[in-house]
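Okay, thanks everyone, let's get going. I'll put the structure up and then talk through a few spots.

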Amino acid sequence: MAIREIREIGDEVLTKVSKAVKVMTPRTLMLIDDMLDTMYESGGVGLAAPQVGILKRIVVIDVGEGPIVLINPEIVETSGEQTGDEGCLSVPGKAGCVTRPNYVKVKALNTKMKEVFYEGEELLARAFCHEIDHLDGHLYVEKVEGELHDATYEEGPEGES
Ligand code: ZN
């Protein structure tokens with residue numbers, strides 16, 4: 001259990017494509033634990049491994065319904081559309097309007113390297129898209145409609161990830 005340093009926009013690691021996890025190791029399990037701790041400590045709803053400087057395809061999410069761990073996640077189905085404010089722990093104090101699918105189905109592996117599927121709507125669908133973008137070196141700021149604006153945690157986006 002440890003809190004890791006969150007890399008911020010401008011850090012090269014956030015622009016790189018992460019590598020698939022091939023085998024689960026104690027070291028990777030520890031990374032996942034640390035990612036969950038770091039996400040909860042920061043008040044975020046999601047965190048991707050590159051945000052703590054590790055280029056592995058691992059995402060953790062909790063939109064208030066319990067932790068979800070996704071290894072090598074892929075979006076397999078989307079539908080609808082939602083437009084709303086989005087924030088990111090790697091872009092502190094800012095938010096911006098992004099359009100995402102309203103429904104997203106994800107295929108991934110769990111920590112036992114078994115295939116799992118998750119479906120999400122609204123905030124969870126947004127978190128799936130946002131976090132998986134991180135694994136390909138993309139930040140939401142590339143997709144913002146209009147300008148980024150200042151946001152505090154209380155009055156800002158629904159959740160930072
Ligand atoms: Zn983010």
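So, methionine 113: buried or exposed, or in between? Its relative accessibility is 24%, and because buried means under 20% and exposed means over 50%, methionine 113 counts as partly exposed. This is a predicted model, by the way, so keep that in mind. As for where we are, methionine 113 sits in the loop that runs between strand S6 (103–109) and strand S7 (115–121). Its phi is near 65°, so a positive value, and this isn't a glycine. Most residues other than glycine have a negative phi.

Now hop over to asparagine 72, another non-glycine with a positive phi, near 50°. This one is in strand S3. Here the relative accessibility is 17%, so asparagine 72 counts as buried.

Okay, on to the inside. Which residues touch the most other members of the largest nonpolar core? That core has 17 residues, and the answer is Ile32, Met35, Leu47, Ile58, Val60 and Ile71. Helix H1 (26–42), strand S2 (58–61) and strand S3 (68–79) each put in at least two residues. H1 is the top contributor, with five. Then there's a second core, separate from that one, with 16 residues, among them Val59, Val116, Cys129 and Leu135.

Last stop, the surface. Look for Glu77, Glu119, Glu121 and Glu122: together they form a patch of negative charge out there. One of them, glutamate 122, belongs to helix H2, which covers residues 122–135.

That's my tour, happy to rotate the view for anyone.

How values were computed. Residues numbered from 1 in each chain as written. Predicted model: local features only at pLDDT ≥ 70, side-chain atom pairs only at ≥ 80, totals over all residues. Heavy atoms only, no water. Patch = residues over 30% accessible without salt bridge, like charges linked within 9 Å, V, L, I, M, F, W, Y side chains within 5 Å. Areas by Shrake-Rupley, 256 points an atom, 1.4 Å probe, with all protein chains shown as cover. Salt bridge = Lys/Arg side-chain N within 4 Å of Asp/Glu carboxyl O. Lys, Arg positive; Asp, Glu negative; His and termini not counted. Charge placed at Lys NZ, Arg CZ, Asp CG, Glu CD. Helix = DSSP H or I, 4+ residues; strand = E, 2+ residues; numbered from the N terminus. Core = buried A, V, L, I, M, F, W, Y, C linked by side-chain atoms within 4.5 Å. Buried < 20%, exposed > 50% of the residue type's maximum accessible area, 1.4 Å probe, protein only.
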